[in-house]
Amino acid sequence: MRARLIKFFAWRGSHNVEDLADETLTRVAMKLTQADIEAERPAAFVIGVARMVDLEYKRREGRWVAFTDGMASGDPPATTGDQDQRLAALQKCLQQFSATDRRLLLRYHEPRGERRAAVRQAIADELHAALGALRVRMHRMRLQLEACVSRQLAAAAGSMGS
Amino acid sequence: VIDRDAHPGRPVVPPAEIERLWRFLLNELSEPERIAIEDEFFVDDDRLAIVESAEDELIDAYARGELPEERRQRFEKRFLATASQRARVAFASALATLAADGARVPEADAPTPLRPRAPTAPSRRRLRPIIWQAAMAAALVLGLGALSPRLLGWRRVTEIDVALSPGSLRGEPEIPTVHVPAKKARLKLKLKLKLVEPLRDDGDTFDLLLRRELEQPKPLLASRAPDGESLTAALDPSGLAPGTYELTARARHRGGAAEDIAVYLFRIDTP
């Protein structure tokens with residue numbers, strides 16, 4: 001539920017999404033201790049609370065736009081060295097997949113522009129899978145890969161800092 | 001790789017649905033439309049995964065410079081605000097680079113660093129929708145069965161001309177088929193790959209990636225024909241299993257950037 005709330009806030013354009021998800025869960029927990037809560041549709045209840053938290057956050061955030069924008073633009077841009085490191089981490093992490101999955105993942109992400117849809121449909125056809133199922137499968141593999149790359153980069157940064 | 005049981009009855013996400021989800025992610029929907037999508041993904045794991053995969057595709061499109069200006073600005077406002085969001089975009093860019101260099105991904109555990117490609121730039125020779133070019137597919141069905149056994153007995157190389165045009169899609173009946181006899185001696189396929197647009201001689205080099213199904217692509221050298229209307233290459237068909245092959249022609253510019261210029265499909269058939 002927390003992960004889902006984080007997505008909810010991120011897709012509403014909020015930035016400190018983990019705090020907002022925790023705030024929502026705290027409020028839900030407090031409400032649940034009250035006897036008059038209808039729990040027939042708990043998800044609807046949680047998302048209702050989340051929308052309220054988001055609304056309050058947006059009202060508060062409005063006062064801090066100039067500050068946060070300034071912080072974002074002040075971040076250093078990614079350098080070629082950063083991207084080289086990311087590529088190396090990505091190559092290493094790809095090895096955790098089977099050769100078949102690795103080829104599938106790279107082939108799925110290779111084509112650009114207009115060619116992409118045709119190639120992805122061709123892959124789905126070869127696998128006798130629906131395109132939607134292929135997308136979801138690729139997304140899940142990509143999540144694993146992205147998490148692995150983050151760990152690799154964090155470990156590299158840690159070893160450089162020590 | 002894919003859960004085949006999921007195919008029947010599993011809703012296919014059409015491009016229009018992806019477009020709707022991109023509008024959701026870029027805050028281009030009305031509040032009621034937004035709420036409808038939120039209500040769906042909040043209670044349905046499959047819907048959540050579909051929205052997440054649409055988000056992947058949106059990030060990829062940005063990382064490859066494929067979003068129109070207005071959407072690019074909207075994306076940057078919404079998806080580049082935090083360090084973790086910027087890391088996701090950097091990841092997408094790295095994945096696109098590595099996927100484009102797929103032929104060079106090592107199979108061994110030891111990773112080999114790759115040089116990043118030049119930043120995405122508008123293509124000089126954009127690939128046209130290949131399905132519309134299917135009509136140009138030229139099949140050369142080879143009468144190798146008629147080859148003299150005496151000739152095959154000699155250890156000389158038999159050259160076979162194969163002309164291909166871009167555009168055939170897998171599953172289409174007009175994909176050119178190369179019939180390779182079981183008792184082949186030494187064969188060489190002389191590939192002539194017709195181009196959608198003539199290539200000027202501006203110092204580019206060319207190569208091909210030959211791939212069957214999900215196998216690792218095999219690189220081949222190619223040359224520009226003097227008239228610029230086609231690329232030529234030679235391929236030894238021995239060791240090629242029967243099946244459909246995809247041949248991606250790539251131009252390498254002087255600066256080192258590579259660009260896909262056409263895709264060809266053909267079948268290898270053996271008795």
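## Exercises on a predicted model

In chain A, among contacts between residues at least 6 apart in sequence, 58% join residues at least 24 apart. The model is predicted. Work through the tasks below.

**Exercise 1.** Describe the secondary structure of chain A.

*Solution.* Start with the count. Chain A has 8 helices and 0 strands. Next, read along the sequence. The pattern is α-α-α-α-α-α-α-α.

**Exercise 2.** Find what share of chain A is buried, and what supplies its exposed area.

*Solution.* Take the residues. Chain A has 162 residues, and 43% of them are buried. Now take the surface. Chain A exposes about 8300 Å². Carbon and sulfur atoms supply 57% of that area.

**Exercise 3.** Decide why helix H6 of chain A counts as largely enclosed.

*Solution.* Locate the helix. H6(A) covers residues 99-109. Recall the cut-off: buried means under 20% relative accessible area. List the residues that pass. They are Asp101(A), Arg102(A), Leu104(A), Leu105(A), Leu106(A), Arg107(A), Tyr108(A) and His109(A). Conclude. Because 8 of the 11 residues are buried, H6(A) is largely enclosed by the rest of the structure.

**Exercise 4.** Place Thr205(B) in chain B, and classify Thr205(B) as buried, partly exposed or exposed.

*Solution.* Locate the residue. Thr205(B) lies in strand E4 of chain B, residues 205-212. Check the accessible area. The relative value for Thr205(B) is 47%. Partly exposed runs between the limits of 20% and 50%. So Thr205(B) is partly exposed.

**Exercise 5.** Which residues does Thr205(B) contact, leaving aside neighbours within four places in sequence?

*Solution.* The partners are Arg250(B), Ala251(B) and Arg252(B). Look at Ala251(B). In sequence, Thr205(B) and Ala251(B) are 46 residues apart. In space, their C-alpha atoms are 5.8 Å apart.

Definitions and conventions. Residues numbered from 1 in each chain as written. Chains lettered and ligands numbered in written order. Predicted model: local features only at pLDDT ≥ 70, side-chain atom pairs only at ≥ 80, totals over all residues. Heavy atoms only, no water. Helix = DSSP H or I, 4+ residues; strand = E, 2+ residues; numbered from the N terminus. Buried < 20%, exposed > 50% of the residue type's maximum accessible area, 1.4 Å probe, protein only. Contact = heavy atoms within 4.5 Å. Areas by Shrake-Rupley, 256 points an atom, 1.4 Å probe, with all protein chains shown as cover.
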